Amino acid sequence: MPDTIKYLLDESRLPRTWYNIQADLPVPLPPVLHPGTKKPIGPDDLAPLFPMALIAQEVSLEREIEIPGPVREIYRQWRPSPLFRARRLEKALQTPARIYYKWEGVSPAGSHKPNTAVPQAFYNREAGIRRIATETGAGQWGSSLAFAGALFGIDVTVFMVRVSYNQKPYRRALMETWGARCIASPSNETDSGRAILAQRADHPGSLGIAISEAVEVAAKSDETKYALGSVLNHVLMHQTVIGVEAIEQFEMANDYPDIVVGCTGGGSNFAGIAFPFIGAQLRGGKKVKVIAVEPAACPSLTRGKYAYDFGDTSHLTPLVKMHTLGSTFTPPGFHAGGLRYHGMAPLVSHVQELGLIESKAYHQTTCFAAGLQFARTEGILPAPEANHAVRGAIDEAIRCREEGVSRSILFNLCGHGHFDMQAYMDYNAGLLTDQSYSPEELALALSGLPSVS
Ligand SMILES: *Cc1c(COP(=O)(O)O)cnc(C)c1O
């Protein structure tokens with residue numbers, strides 16, 4: 001038996017549709033509210049920010065939504081992505097568990113994010129849009145949208161959280177190589193940015209602030225729209241191409257997962273791998289245990305409040321019901337920059353409320369330890385964000401060993417860590433510490449939640 005086994009679908013089995021979990025939910029998603037009137041918003045309210053095709057996907061109740069031909073053509077470059085059986089990791093853990101991982105680091109940008117960047121750029125171009133403004137934390141989303149913009153001839157402006165802008169010059173270089181403009185946020189280019197800088201000239205920035213800046217730029221220009229790399233329903237739906245493929249690959253492997261694990265920042269890669277399995281369960285299929293793993297320093301699912309909140313710091317976005325730490329919450333510094341958002345996707349929050357998923361929070365050093373064990377057995381160096389999923393999967397495999405049962409575990413390896421080597425250097429030098437969020441800061445941020453009757 002070979003050590004590592006790869007389940008590859010041929011190109012002809014590249015999915016034709018994304019999966020929309022809204023079709024199968026036993027209870028519908030709470031409505032999105034207007035920030036002023038606090039009444040449910042309609043498609044026209046979102047029209048300044050998004051093209052109509054994406055707004056339609058946001059509220060669609062159709063189960064399967066066709067992937068446009070030009071998007072499939074681009075997906076074909078790296079999709080279907082491989083599913084691996086991690087035999088060497090299993091052996092190292094001496095576990096009877098069967099561990100599988102879906103490898104999303106094979107995309108040109110090195111993560112799952114191009115799965116939604118490409119269709120978002122496509123629908124914007126179809127609507128005649130010339131420019132997209134967006135935010136990025138660690139730079140994964142900004143580089144993915146820069147890549148997609150280059151393919152469709154759309155100018156991309158990226159507001160990058162200032163600490164990351166300074167710490168990760170290579171991600172910025174990657175965005176610029178693909179032709180995007182990358183600006184440190186808070187910046188002097190927007191009212192939101194200027195207001196923050198007036199309070200604190202050396203503000204390190206946050207995703208909530210960068211979102212405010214990008215939304216403001218899009219709202220003020222007819223030619224510019226906004227794009228978000230996570231959280232929204234249509235983004236999560238584009239990512240379901242991961243789980244739809246995985247279901248077919250498990251058929252090839254003659255197996256089916258008992259447990260599905262993903263890391264959660266805004267929730268998109270987790271939803272991408274998990275929702276097709278949850279959907280199958282909701283339609284009468286096998287029950288799966290689904291685990292969302294988040295950082296203990298930014299624990300929206302395990303410590304946040306399920307409430308209506310803004311998506312950004314300057315309160316320009318509509319109100320969505322989600323697990324939130326409060327839109328002014330700034331997490332302490334830790335290396336998984338992609339997991340630093342104050343809120344969680346409304347759909348992921350909703351399925352947790354319905355008891356369809358569980359969530360767990362881990363500190364960063366134990367996640368890096370898992371990432372190292374993974375790299376030393378399977379060879380692939382995971383992104384710091386992905387290490388949270390690796391940790392979650394390894395702990396389930398250890399539990400199988402302790403209980404003497406063989407379960408099938410699937411996790412999403414959402415990206416590689418080749419641009420995160422400073423984090424690995426710090427870990428290897430023993431410099432990484434486990435930071436906790438401040439309970440006072442959390443209480444303060446939660447006290448500022450908007451009141452909604
Ligand atoms: C952006 C990112 C995340 C976090 O975003 P989700 O929407 O929760 O998936 C996780 N991992 C990687 C590699 C990322 O780039």
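How do the residues that line the second largest cavity divide into nonpolar, polar and charged? They come to 5 nonpolar, 4 polar and no charged, and this briefing sets them beside the ligand and the space it fills. The model is predicted, so to speak of local features takes a pLDDT of at least 70 and side-chain atom pairs count only at pLDDT 80 or more, while totals for chains, interfaces and linings use all residues. Residues are numbered from 1 along each chain as its sequence is written, and side-chain values use heavy atoms, with hydrogens and water left out.

**Around the ligand**

- The ligand is surrounded by 15 residues (a heavy atom within 4 Å), and the closest are Lys113, Ser230, Gly265, Ser268 and Asn269.
- By class, this shell holds 3 nonpolar, 10 polar and 2 charged residues; Ala, Val, Leu, Ile, Met, Phe, Trp, Tyr, Cys and Pro count as nonpolar, Asp, Glu, Lys and Arg as charged, and the others, Gly among them, as polar.
- Oxygen atoms of the ligand lie 2.7 Å from a side-chain N or O atom of Ser268 and 2.8 Å from one of Asn269.
- For Gly266, a backbone N or O atom is 3.0 Å from a ligand oxygen atom.
- Of the 380 Å² of accessible area that the ligand has on its own, the protein covers 97% (Shrake-Rupley method, 1.4 Å probe).

**The largest cavity**

- There are 4 cavities of 30 Å³ or more; a cavity is a set of points, on a 1 Å grid over the protein atoms alone, where a 1.4 Å probe fits but cannot get out, and its lining residues have an atom within 4 Å of a point.
- The ligand takes up the space of the largest cavity, which holds about 390 Å³ (the space filled by probe spheres set on the points, joined across faces, edges and corners).
- Its lining has 32 residues, and Lys113, Gly229, Ser230, Gly266 and Gly338 are the closest to its centre.
- Strand 6 (131-136), helix 6 (140-152), helix 10 (207-219) and helix 13 (268-282) each give two or more residues to this lining; helices (H or I, at least four residues) and strands (E, at least two) are DSSP runs, numbered from the N terminus.
- Helix 13 gives the most, with 3 residues.
- The lining of the largest cavity divides into 12 nonpolar, 17 polar and 3 charged residues.

**The second largest cavity**

- This cavity has a volume of about 50 Å³.
- Its lining is made up of Pro295, Ala296, Ala297, Phe334, Tyr362, His363, Gln364, His388 and Gln435.

Definitions and conventions: A polar contact is a pair of N or O atoms within 3.5 Å; within protein, one must be able to donate a hydrogen and the other to accept it, and residues adjacent in sequence count only if both atoms are side-chain atoms. On a 1 Å grid over the protein atoms alone, a cavity is a set of points where a 1.4 Å probe fits but cannot get out, and a pocket is an open set with protein on both sides within 12 Å along at least five of seven lines; lining residues have an atom within 4 Å of a point. A molecule sits in a cavity or pocket if more than half of its atoms lie within 2 Å of its grid points.
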